[in-house]
Amino acid sequence: GRHVRKAGLDFRAGDVLLQPGRRLTARDIGIAASTNHPWLRVRRRPRVAVLATGDEIVLPGEALGPSQIVSSNSHALAALIRSCGGEPVDLGIARDNAESLAALAAGAHGADLIVTTGGASVGEHDLIRSVLGEHGLALDFWKIAMRPGKPLIFGRFGDTPLLGLPGNPVSTMVCGWLFLRPALWALQGAEAPENRVAATLGRDLPANDRREDYLRARIERTESGFVATPFPAQDSSMLSLLAAADGLVIRPPNAPAAARGETVDAVLFGDGI
């Protein structure tokens, strides 16, 4: 009887070893195979069509004209989508006219979700609502009381959900983290991992107005817990501060001034952003 493992030592008939809603790892594939299950029923990766808009943006590596900037949103969103288990489909950059926007949006056929960047505000070149509305966009809501990210759109373009993100790079990524990330997990039948923590404030903050603020911050884990120190500048065009941040400090609407040492809610960035 030496060097013999008893039947049922590892698992027994009827044991539940993998729960629904779990993203499969290499370990999960191994345990499934060891239980003699050659096939597993899974959710496929959601296909997400990404459409950037604006005459002012050009692709990385292209020559910049007057008043133009390099497009970063589509590339950053594609990376976020992949990190959340989705498959990005780049529809390109729609120019600031109805024909270009409608033509590129038609390429989203077959996608599980459409994400647009820019064109969601109130300027004469912000065409997402008006142009796509003529081609089947049913608007659910437009504008939310948060900063950055006020001009956010949600609706359905035909049968496909559409999330319209603001064009400023930081607004795009903060809204992507807060809204696109959980949507991608939901499309795969699961909940996004919890990433909200309580943290000690590392610097004084002024009173807030009626919008909920998401402040880019350094967040350290110490022996006594998390310490979050928001950057002094929070302009929504400053992508370098987002790259340097560990997460976001949440300031509720009309929050009074907060002193260093007070407890605040914070959102930690994970892999993919």
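Start by selecting Arg-47 and Glu-87: in this predicted model, Glu-87 of β4 is the bridge partner of Arg-47. Now widen the selection to the two strands around this pair. Strand β1 covers residues 47-53, and its pairing with β4 is parallel, with seven bridges.

**Helices against the sheet**

Keep β1 and β4 on screen and add residues 98-105, which form helix α3. This helix lies across β1, β4 and β8 (153-157), and its direction makes about 165° with β4. Next, select residues 169-187 to bring up helix α5, which also packs on the sheet. Look for its contacts with β1, β5 (113-117) and β9 (160-165). Relative to β9, helix α5 runs at about 165°.

**The whole sheet**

Which strands make up the open sheet, and in what order? Colour them one by one and you can read off six: β4-β1-β5-β9-β8-β6, with mixed pairing. At the edges are β4 (87-94) and β6 (137-142), each of which pairs on one side only. Turn the view to look along the strands: on average, neighbours in this sheet are turned by 20° against each other, direction ignored.

**Two helices side by side**

Go back to α5 and add helix α2, residues 73-83. Their axes come within 10 Å and cross at roughly 25°. Angles under 35 degrees count as roughly parallel, so α2 and α5 are roughly parallel to each other. The crossing of α2 past α5 is right-handed.

To see what fills the contact, show these side chains and backbones:

- From α2: Asn-73, Ala-76, Leu-77, Leu-80 and Ile-81.
- From α5: Pro-169, Thr-172, Met-173, Gly-176, Trp-177, Leu-180 and Leu-184.

How many of these residues are nonpolar, polar or charged? Colour by class and you will find nine nonpolar, three polar and no charged residues in the contact of α2 with α5.

**Last stop: Thr-229**

Finally, select Thr-229, which sits in strand β12, residues 225-230. Is this residue buried, partly exposed or exposed? Its relative accessibility is 29%, and the partly exposed class lies between 20% and 50%, so Thr-229 counts as partly exposed. Leaving aside residues up to four places away in sequence, Thr-229 touches Gly-202, Arg-203, Ala-217 and Arg-218. For a last distance, draw a line between the C-alpha atoms of Thr-229 and Gln-19: they are 38 Å apart in space and 210 residues apart along the chain.

Conventions
Residues numbered from 1 in each chain as written. Predicted model: local features only at pLDDT ≥ 70, side-chain atom pairs only at ≥ 80, totals over all residues. Heavy atoms only, no water. Pairing = 2+ DSSP bridges. Helix = DSSP H or I, 4+ residues; strand = E, 2+ residues; numbered from the N terminus. Axes fitted to C-alpha atoms, helices over the stretch in contact; angles between N-to-C directions. Contact = heavy atoms within 4.5 Å. Buried < 20%, exposed > 50% of the residue type's maximum accessible area, 1.4 Å probe, protein only. Parallel < 35°, antiparallel > 145°, perpendicular 65-115°, else oblique. Left-handed = near helix turned anticlockwise from the far one by under 90°. Nonpolar A, V, L, I, M, F, W, Y, C, P; charged D, E, K, R; others polar.
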